[in-house]
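Hi,

Here is the structure I promised to pass on. Have a look at it first, and then read my notes below.

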Amino acid sequence: MTHHNPHDPHAASIVKAADRVLIQERGPGVPEGIYGAECMSCEALSPPSGDDSLPVAVWAVQHSQDHPEQTLFLARTERHWRVVPRADAPPPTAPSGPGPVGPAFVGLMCLLTALSGLLPALTS
Ligand SMILES: [Zn+2]
């Protein structure tokens with residue numbers, strides 16, 4: 001029961017951040033799901049089973065046969081996730097600076113202030 005398409009990994013993207021995307025890991029040897037079950041009565045764990053839930057189901061039935069009063073199980077399906085850089089990620093931007101009042105602007109203001117202080121002296 002494998003329907004995944006290894007040529008389109010971003011079809012499994014789960015969350016996209018600014019420059020990263022979380023995808024479900026897929027590819028050769030990577031199970032679509034890892035199945036497992038836990039007995040809710042004695043916390044016995046089934047062996048994990050990749051891509052096939054049937055061995056886990058068989059384990060649960062056998063466990064219940066061995067312990068007839070234990071009939072409730074927590075079934076799990078686990079997957080591998082991977083965070084990768086976004087293919088269309090924008091280039092990293094510098095953190096927002098002091099804004100339009102940069103050092104050059106402040107320097108210009110100081111120069112103008114100095115000139116205005118000189119002006120009366122020049123015109124007198
Ligand atoms: Zn049990």
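**A patch on the surface**

Let's start on the outside: Ile14, Val15 and Trp81 come together as a nonpolar patch on the surface, and their accessible area adds up to about 320 Å². Keep in mind that this is a predicted model. Trp81 belongs to strand S6, which covers residues 81–85. Is Trp81 buried or exposed? Its relative accessibility is 56%, and the cut-off for exposed is over 50%, so Trp81 counts as exposed.

**Strands S1, S2 and S6**

Val15, from that patch, has a bridge partner in S2, namely Leu22. The strands involved here are S1 (residues 13–16) and S2, which pair in the antiparallel sense over 3 bridges. To get from S1 to S2, the chain goes through a hairpin of 3 residues.

S2 also pairs with S6, again antiparallel, this time over 5 bridges. One pair to look for there is Val21 with its bridge partner in S6, Val84.

How much of S2 is buried? It is mostly covered, with 4 of its 5 residues buried. Take Ile23, which sits in S2 (residues 20–24). Its relative accessible area is 7%, and buried means under 20%, so Ile23 is buried. If you want a distance to check on screen, try the C-alpha atoms of Ile23 and Ala12: they are 5.4 Å apart, although the two residues are 11 positions from each other along the chain.

**The open sheet**

Now for another part of the model. Here you will find an open sheet of 3 strands in the order S4-S3-S5, with antiparallel pairing. S4 (49–50) and S5 (73–78) are at the edges with a single partner strand each, so one side of each has no neighbour in the sheet.

S3 (residues 34–39) and S5 are paired in the antiparallel sense over 6 bridges. A pair you can pick out is Ala37 and its bridge partner in S5, Ala75.

Which helix lies across S3, S4 and S5? That is H1, made of residues 54–66, and it runs at about 15° to S3.

One bit of background for looking at strands: in a regular strand, the side chains alternate between the two faces of the sheet.

Have fun turning it around on screen, and write back if anything is unclear.

Cheers

Methods. Residues numbered from 1 in each chain as written. Predicted model: local features only at pLDDT ≥ 70, side-chain atom pairs only at ≥ 80, totals over all residues. Heavy atoms only, no water. Pairing = 2+ DSSP bridges. Helix = DSSP H or I, 4+ residues; strand = E, 2+ residues; numbered from the N terminus. Contact = heavy atoms within 4.5 Å. Axes fitted to C-alpha atoms, helices over the stretch in contact; angles between N-to-C directions. Buried < 20%, exposed > 50% of the residue type's maximum accessible area, 1.4 Å probe, protein only. Patch = residues over 30% accessible without salt bridge, like charges linked within 9 Å, V, L, I, M, F, W, Y side chains within 5 Å. Areas by Shrake-Rupley, 256 points an atom, 1.4 Å probe, with all protein chains shown as cover. Salt bridge = Lys/Arg side-chain N within 4 Å of Asp/Glu carboxyl O.
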